[in-house]
Amino acid sequence: MPVTYDDETVPVLHRAAHIVAQHADGRPEPEMLAVADGRIRATGTVAALRDRFPGAPEADHGDATLVPGLNDAHIHLAIAAEDLLHLDLSAAAVAGTGGLLSAVAAEAARAPAGSWVRGSRYDDVKTGRVTRTALDHAAPDHPVLVVHVAGHWGVANSAALRALGVDEDTPDPDGGAYGRDDTGRLDGRLVERALMNVVYPATARGATALPPSTADDRLRGLLRAQELWHAAGLTSVCDALIAPDDIALLQRARVQDELTLRVGMLLSIDHYEKARALGVGSGFGDDLLRLVGVKAFLDGAVGGRTCLLSEPFADHGGHGLQTTPTKELFAHVRTVHGDGNRIGVHANGDAAIRLVLDAFEEASRDLPRPGLRHRIEHCSVVDDGILARMRRLGAIAVPFAGYAAYHGGALNDWYGPARVDRMFAHRSFLDAGVTVAGSSDYPCGPYQPLLGLQSMVTRTGIDDGVAAGPAQAVTAAEALRVFTLGSAEAEGTESYKGRLAAGQLADFVVLGDNPLTADPSGIADIPVRATYVGGRRVHGTGE
């Protein structure tokens, strides 16, 4: 029988030099946490908790700082699990186009003849342009697909185009395009829906020639992603594009007691009818694995330079792409809203965001659902009118946290400095009273939440040192609240997640420095000494 105090299991007492509790009432920060049964039982001074729980075991984290578990409100766990089975072609992993092509050639040399060679996180700005012809030379006997870091376009070689059944006469899919060169011939680019139909099962419309990975391999990828993310301080995420097979993968990990990351899910709108038939909606599940809502798309990507803008891009002109017809968007929103479920719509450009708000307003007017709050995923380019409409609707913004740091001065080139001052507008959202959550959108941006915090505070490129929208900078304390309390609100768990207080989930991170007082330009480099989920250590050392 467990020892109890006042019918409570004996807790473990955690102490540290600093505990950032984020109390709602402004109380002084505690010196110690009492953790039992996956929750924080109590907080207070060392003397008070030792007196209340005499003889309770203690974990002394020394000079560390404890912060609430970091929560990424828009990330792609299922996609990451697959990507980790293939080539990492990020700028950090390959040296220029030569390094990328060498990696492709080496993989082709290892792979059986005719098998697919796949890679992700290719960045044409940081690495250089990769062409269909170059991929043909690197792997003439293998179909090759290289997916851009934005996740909204990729490059295929000739063998891959043949395997996909794409030739010079193939019409573009609705909401996408097969890229062509100046002569009008296919250049290997698969843009928007042309790529999504191939690589993303959650959104694919029709069969794909890409062979699926085995369930065992996908589980291996998922567990590796989970390990990396815990090491970065993540305790919770929302996978923003889920299909039924992905739910089965997560459930398998859970049944095998291998799922230690709290996972919320946005189910792809293409699979929503299956959930409706089962009567499954927002909030279904529990603290470890739960359905947040439904995901729909409207436009392209920031890094891919395909988002739907009211004013043209600064570098190449054009207004981007609308990937879902307006009528279809309105129908999606109306259906999900009418069922009382939350929908998150991918909308980067200001023109796209206004259409989403139109759909939210119509649904709310015709089918009142008091308290039901929808999300705008990315919500990248805003203005005062958009902010006012979001505040009235209670809409939640889920913008990129790390893009200012990752892209740096390239954003100014693509969008112009004045517009970048209205992008990833954490300052404006907070000032306008709009709930804003922390998001990396990995693999489209770096998954490390501390880099996201640094980016939000400094608004400076980590590679080029160029300011990218400095008007949107927030304080370190505000950035931490965005990545904890804001993300919890975006998933509907704000009543028990995001603070270090009695009754809250015992999810916390042990950091080697205090991000609220550290040099802002060094927040990303703060060591993550340990990560706890439900009081259980899932990374690092300690009790």
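Is Asp257 buried or exposed in this predicted model? Asp257 counts as exposed, with a relative accessibility of 52%, just past the 50% cut-off for that label. The views below start with the helix that comes right before Asp257.

**View 1. Helix H9 and the residue that follows it.** Helix H9 takes in residues 244–255. Its 12 residues should span 16 Å at 1.5 Å a residue, and the end C-alpha atoms do sit 16 Å apart, so the two figures agree. Look for Asp246, Leu249, Leu250 and Ala253, which are the buried residues of H9. Down the helix axis they fall within an arc of 90°, so they line one face of H9. Residues three or four places apart in an α-helix point the same way, because there are 3.6 residues to a turn. Turned away from that buried side is the face carrying Asp245 and Val255, both exposed. Just after H9 comes Asp257, in the loop between H9 and E17. Asp257 isn't a glycine, yet its phi is positive, about 55°.

**View 2. What the buried side of H9 packs against.** Two helices and three strands turn up here: helix H2 (77–83), helix H8 (215–231), strand E16 (234–242), strand E17 (262–268) and strand E18 (289–297). Each of them packs against the buried residues of H9.

**View 3. Helix H8, with its buried residues on one side.** With 17 residues, H8 reaches 24 Å from first C-alpha to last, close to the 24 Å expected at 1.5 Å a residue. Its buried residues are Arg218, Leu219, Gly221, Leu222, Ala225, Gln226, Trp229 and His230. These cover an arc of only 165° around the axis, which puts them on the same side of H8. The cover over them includes H2, E16 and H9, along with strand E9 (70–75), strand E23 (528–533) and strand E24 (536–540). After H8 comes Gly233, with a positive phi near 100°.

**View 4. Helices H11 and H12 crossing.** A packed pair like this is described by the angle between the two axes and the distance between them. Helix H11 (residues 326–338) and helix H12 (residues 350–366) pack at about 40°, and their axes are 9 Å apart. H11 and H12 are therefore oblique to each other, and the crossing of H11 past H12 is right-handed. On the H11 side, the contact is made by Thr326, Leu329, Phe330, Val333, Arg334 and His337. H12 brings Leu355, Val356, Asp358, Ala359, Phe360, Glu362, Ala363, Ser364 and Asp366.

**View 5. Helices H18 and H19, another packed pair.** Helix H18 (residues 449–458) meets helix H19 (residues 476–491) at an angle of about 135°, with 9 Å between the axes. That angle makes H18 oblique to H19. H18 passes H19 in a right-handed crossing. Pro449, Gly452, Leu453, Met456 and Val457 of H18 make the contact with Ala476, Ala479, Leu480, Val482 and Phe483 of H19.

**View 6. Phe424 and its contacts.** Phe424 lies in the loop between helix H16 (417–420) and helix H17 (426–432). At 0% relative accessibility, Phe424 counts as buried. Leaving aside residues up to four places away in sequence, Phe424 touches Val302, Ser380, Pro399, Phe400, Tyr403, Ala404, Leu411, Arg459 and Gln472. Then there's Ala397: it is 27 residues from Phe424 in sequence, and the C-alpha atoms are 9.4 Å apart in space.

**View 7. Ser90 in its loop.** Ser90 is found between strand E10 (87–88) and helix H3 (96–110), in the loop there. Its relative accessible area is 6%, so Ser90 is buried. Residues up to four places away in sequence aside, Ser90 touches Ser120 and Arg121.

**View 8. Two backbone spots to check.** Tyr442 and Pro443 are joined by a cis peptide bond, with omega at about 15°. Pro443 sits in the loop between H17 and H18. The other spot is His378, in strand E20 (residues 375–378). His378 has a positive phi of about 80° although it is not a glycine. At 2% relative accessibility, His378 counts as buried, whereas Asp257 from View 1 counts as exposed.

Note on methods:
Residues are numbered from 1 along each chain as its sequence is written. This is a predicted model: local features need pLDDT of at least 70, side-chain atom pairs count only at pLDDT 80 or more; totals for chains, interfaces and linings use all residues. Side-chain values use heavy atoms; hydrogens and water are left out. Helices (H or I, at least four residues) and strands (E, at least two) are DSSP runs, numbered from the N terminus. The expected span of a helix is 1.5 Å times one less than its number of residues. Buried means under 20% relative accessible area, exposed over 50%, partly exposed in between (1.4 Å probe, protein chains only). The arc is that of the directions from the helix axis to the C-beta atoms. Contact means heavy atoms within 4.5 Å. Axes are lines fitted to C-alpha atoms, for helices over the stretch in contact, and angles run from 0 to 180 degrees between N-to-C directions. Angles under 35 degrees count as roughly parallel, over 145 as roughly antiparallel, 65 to 115 as roughly perpendicular and the rest as oblique. A crossing is left-handed if the near helix is turned anticlockwise from the far one by less than a right angle, and right-handed if clockwise.
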